[in-house]
Amino acid sequence: MTDHHPDKPATLLASAAHFRDAATGGIVPPLYASTTYARDANYELPHDRLYGRDDNPLFEQAENILCQLEGGADAALFASGLAAMTAVAATLQPGERVVLSKQCYFGVRHWLGSEAARVGFELVLFDAGDPGALEKVLGNDPARLVWCESPANPTWEVTDLEAAATLAHAAGARIIVDATVMTPLLCNPIALGVDYVMHSATKYLNGHADVVAGALIAARDDADWQAIRGMRYRTGGILGPFEAWLLIRGMRTLDVRLRRSCANAMAIARHFEGNPNIREVMYPGLESHAGYEIATRQWNTGIGYTGMLSLRIAAGSDEESAAVAKRMATRTRLFAPATSLGGVESLIEHRKTIEGAGGEVPGDLLRLSAGIEDADDLIADLDQALAGALAAG
Ligand SMILES: *Cc1c(COP(=O)(O)O)cnc(C)c1O
């Protein structure tokens with residue numbers, strides 16, 4: 001008797017959705033570099049693929065994996081996370097209302113703001129850290145789109161996606177979630193009522209800091225989605241075949257990488273909680289974090305609470321604390337002082353330096369991406385960097 005049940009995510013990922021090369025039996029896909037596809041004797045396209053923008057078997061395979069992981073109806077790969085976001089923004093019309101969480105990937109707020117001015121849609125912000133804020137901004141007026149990021153950079157506010165989806169739909173809006181930091185393993189927003197899930201595949205999905213890529217997954221394959229998906233063909237924001245190949249390879253190990261990153265982040269968070277030189281450990285896995293309860297309810301916390309956390313340094317005045325934070329980012333031996341996240345190697349970043357004067361991030365905040373190294377080594381590295389940064393003052 002065969003017992004039919006859907007494979008668990010780890011199984012699906014490891015096998016790249018049971019890939020077999022029909023021509024050779026290979027268990028790893030070949031690199032399909034062809035930019036065009038020949039017609040047959042009847043002048044038909046034998047496999048429905050026309051041209052390399054945007055047809056490629058590697059895109060289809062990666063999309064199939066993501067679609068199954070997220071429980072979506074369709075998915076599309078893009079040249080970057082921002083190219084995926086651009087495809088969504090390009091479908092917005094003058095006069096429409098877009099509601100965006102104030103806390104989000106740096107640059108998105110400013111970019112959407114300038115798009116709003118150029119195109120003529122209205123952009124309103126809400127505070128993802130205030131549970132009543134979305135309902136308040138939506139008010140009684142219709143909206144086209146609710147856009148949020150959960151957990152939100154770099155303070156990791158967790159959005160109640162089920163509640164947000166209900167509110168968005170009541171306002172006649174679709175809801176999109178930037179789920180880059182959750183990955184499809186920690187949470188499936190579509191199951192909570194969300195319409196579109198966006199990933200910067202540059203981060204955890206690929207996981208090796210060697211591909212820039214993005215993806216969108218849609219709950220339903222309808223006209224609204226086709227308008228978004230069609231933007232890839234029309235505007236050309238496609239991934240290269242080699243990058244798609246690398247992404248498929250990287251995703252095979254997502255489950256093990258993410259579990260280790262989450263465990264490392266939790267160990268670091270617990271280690272620094274209560275340290276007199278740490279004003280706040282921002283991590284949704286700590287009971288002290290405002291997002292802990294929602295994350296525990298809506299995430300698959302058997303895997304963990306993300307590999308991302310932030311530390312706020314306490315070393316006297318705001319200026320002194322900011323100076324120590326910045327020095328600490330230059331004194332780590334294992335944590336690379338670099339932007340980005342979700343790779344196998346740990347990264348540390350002084351966000352204020354990156355965001356500049358326009359950013360609202362406090363100067364004492366360090367954003368950490370926990371890699372898959374040994375937790376004790378990572379903690380020792382942060383301890384020595386903090387001690388050195390304090391002593392150098
Ligand atoms: C990196 C990132 C993006 C942008 O994606 P790119 O692949 O760099 O274009 C968007 N959202 C989040 C949360 C990110 O971390």
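In this predicted model, the ligand has an oxygen atom sitting 2.9 Å from a backbone N or O atom of Leu82. Side chains join in too. Asp178 brings a side-chain N or O atom to 2.6 Å from a nitrogen atom of the ligand, and Lys203 places a polar side-chain atom 2.7 Å from a ligand oxygen. Taken on its own, the ligand has 380 Å² of accessible area, and the protein covers 93% of that.

The shell around the ligand is made up of 14 residues, and the closest of them are Gly81, Asp178, Ser200, Thr202 and Lys203. So two of the names from the polar contacts come back here: Asp178 and Lys203 are both on that list of closest residues. Sorted by class, the shell comes out as five nonpolar, six polar and three charged residues. As for where these residues come from, helix 3, which spans residues 81–89, gives the most, with three residues.

Next, the cysteines. A disulfide is a covalent bond between the sulfur atoms of two cysteines. The count of disulfides in this structure is zero. Take Cys187: the closest cysteine sulfur belongs to Cys148 and is 11 Å away, which is too far for a bond. Cys187 is also buried, because its relative accessible area is 3%, under the 20% cut-off. Cys262 is likewise in no disulfide, with the sulfur of Cys187 as its nearest cysteine sulfur, 13 Å off. At 2% relative accessible area, Cys262 counts as buried.

The aromatic side chains give a livelier picture. A pair of aromatic rings is described by the distance of the centres and the angle of the planes. In this model the count is four aromatic pairs. One of them is Tyr292 with Tyr305, a stacked pair with 5.7 Å from centre to centre and 15° between the planes. The two partners are 13 residues apart and link distant parts of the chain: Tyr292 belongs to helix 11 (residues 292–298), while Tyr305 is in the loop between helix 11 and strand 9 (308–313). In terms of cover, Tyr292 is partly exposed at 23% relative accessible area, whereas Tyr305 is buried at 9%. Tyr305 also pairs with Trp299; their ring centres are 6.4 Å apart and their planes meet at 45°, so this pair is tilted. Trp299 is buried as well, with a relative accessible area of 6%. Put together, Tyr292, Trp299 and Tyr305 make up one aromatic cluster.

The backbone has a few quirks of its own. Most residues other than glycine have a negative phi, and most peptide bonds are trans. Against that background, a cis peptide bond joins Ser150 to Pro151, with omega at about -10°. Another cis peptide bond runs between Asn153 and Pro154, where omega is about -15°. Pro151 is in the loop between strand 4 (145–149) and helix 6 (161–170), and Pro154 is likewise found in the loop between strand 4 and helix 6.

Positive phi values turn up at Thr306 and Ser340. Thr306 is not a glycine, yet its phi is positive at about 85°. This residue is in the loop between helix 11 and strand 9, the loop that also holds Tyr305 of the aromatic cluster. Thr306 is buried, since its relative accessible area is 0%. Ser340, also not a glycine, has a positive phi of about 85° and is placed in the loop between strand 10 (336–337) and strand 11 (347–350). With 27% relative accessibility, Ser340 counts as partly exposed.

Finally, there is Val28, in the loop between helix 1 (9–14) and helix 2 (57–70). Val28 is partly exposed, because its relative accessible area of 45% is not over the 50% needed to count as exposed. Along the chain, Val28 and Thr86 are 58 residues apart, and in space their C-alpha atoms are separated by 31 Å.

How values were computed:
Residues numbered from 1 in each chain as written. Predicted model: local features only at pLDDT ≥ 70, side-chain atom pairs only at ≥ 80, totals over all residues. Heavy atoms only, no water. Near = heavy atom within 4 Å. Polar contact = N/O pair within 3.5 Å; in protein donor to acceptor, adjacent residues only side chain to side chain. Areas by Shrake-Rupley, 256 points an atom, 1.4 Å probe, with all protein chains shown as cover. Helix = DSSP H or I, 4+ residues; strand = E, 2+ residues; numbered from the N terminus. Nonpolar A, V, L, I, M, F, W, Y, C, P; charged D, E, K, R; others polar. Disulfide = S-S within 2.5 Å. Buried < 20%, exposed > 50% of the residue type's maximum accessible area, 1.4 Å probe, protein only. Phe/Tyr/Trp six-rings, centres within 6.5 Å; stacked < 30°, edge-to-face > 60°.
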